[in-house]
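Where does the ligand sit? Please look at the structure with that question in mind, and then read the points below.

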Amino acid sequence: MSDAQKVLLVTGGSRGIGAAICRLGAEAGYRVAVNYASNENAANALVAEIKAAGGAAFAVKGDVGVEADVVAMFETVDRAFGRLDAFVNNAGIVDVKARVDEMSGARVERMMRINVVGSFLCAREAVRRMSTRHGGKGGAIVNISSAAARLGAPGEYVDYAASKGAIDTLTIGLAREVVTEGVRVNAVSPGITDTEIHASGGQPDRVARMQDLLPMKRAATSDEVASAVLYLLSDAASYITGAILNVSGGR
Ligand code: NAP
């Protein structure tokens with residue numbers, strides 16, 4: 001495997017949309033660092049799958065909501081691959097269905113710590129490595145937002161929707177901040193996508209229940225979201241920065 005090969009780090013890369021980004025990234029020729037929080041088996045299985053297909057990958061454990069974990073994760077990638085060309089802020093959580101007037105402070109703080117603070121800390125570490133201001137050679141960042149940022153998720157999880165609103169603003173602001181430093185920053189904003197995140201929020205039937213209400217009468221697949229991410233990371237998107245690309249099937 002040549003050292004000239006570009007390196008991609010994906011937070012929450014072990015399952016769902018993140019795993020699809022890792023697979024497509026490896027197919028596109030990136031060496032891939034697969035971050036996960038706790039499900040080591042899923043991360044190791046994905047790494048084995050990428051390697052069996054001739055790619056280079058390794059798994060790196062770390063909670064994006066813990067600053068020391070974020071710093072250690074990027075340092076592990078430095079040691080393993082010696083460069084960072086592409087970064088995807090994908091790790092994210094939902095919580096169980098609740099109205100705002102039922103939410104505890106602890107719930108909202110956890111949501112913001114993982115989805116917002118975690119994305120800021122990871123973006124900071126990526127920019128420190130990519131930006132020409134810091135001696136880097138440039139790079140591309142994609143943040144995973146959600147259609148919930150536009151829709152608000154009333155009665156379900158307004159805290160989650162608001163966290164994704166912050167991701168949209170991070171994308172616009174950071175893109176403009178580093179636009180002359182060789183770093184492009186964009187967001188992909190998926191609609192309902194068929195992953196395990198819905199079960200983790202106590203709604204395993206959410207995709208089946210919602211699909212008739214969606215314009216295309218179906219949810220997105222993780223691959224459909226991942227292909228938009230790979231496009232924004234690629235040189236084909238060289239004049240695109242600060243964009244929020246809806247991958248929401250007309251929703
Ligand atoms: P998922 O299937 O639940 O997978 C979540 C991934 O994130 C797993 O790899 C998990 O690791 C990891 N993760 C969770 N908390 C983490 C933390 N604190 N630190 C590091 N990694 C963590 O989720 P998904 O549906 O693919 O969602 C991925 C992204 O897309 C999220 O940002 C989500 O908000 C966004 N999104 C999803 C949908 C949808 O309908 N699915 C729609 C719009 C936007 P473990 O395996 O170790 O648990």
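The ligand sits in the largest pocket, where sitting in a pocket means that more than half of the molecule's atoms lie within 2 Å of the pocket's grid points. A pocket is an open set of points on a 1 Å grid over the protein atoms alone, where a 1.4 Å probe fits and protein lies on both sides within 12 Å along at least five of seven lines, and its lining residues have an atom within 4 Å of a point. This is a predicted model, in which local features need pLDDT of at least 70 and side-chain atom pairs count only at pLDDT 80 or more, while totals for chains, interfaces and linings use all residues. Residues are numbered from 1 along each chain as its sequence is written, and side-chain values use heavy atoms, with hydrogens and water left out.

**The pocket**
- About 1100 Å³ of space lies in the largest pocket, the volume being the space filled by probe spheres set on the grid points, which are joined across faces, edges and corners.
- The lining of this pocket consists of 45 residues, and G92, I93, V94, I197 and S200 lie nearest its centre.

**The shell around the ligand**
- Of the 31 residues around the ligand, S14, S38, N90, Y160 and T195 come nearest, a residue counting as near if one of its heavy atoms lies within 4 Å.

**Polar contacts**
- A polar contact here pairs N or O atoms within 3.5 Å, and one such pair joins a polar side-chain atom of H198 to an oxygen atom of the ligand at 3.1 Å.
- Backbone N or O atoms also lie by ligand oxygen atoms, at 2.8 Å for N39 and at 2.7 Å for N90.

Note on methods:
A polar contact is a pair of N or O atoms within 3.5 Å; within protein, one must be able to donate a hydrogen and the other to accept it, and residues adjacent in sequence count only if both atoms are side-chain atoms.
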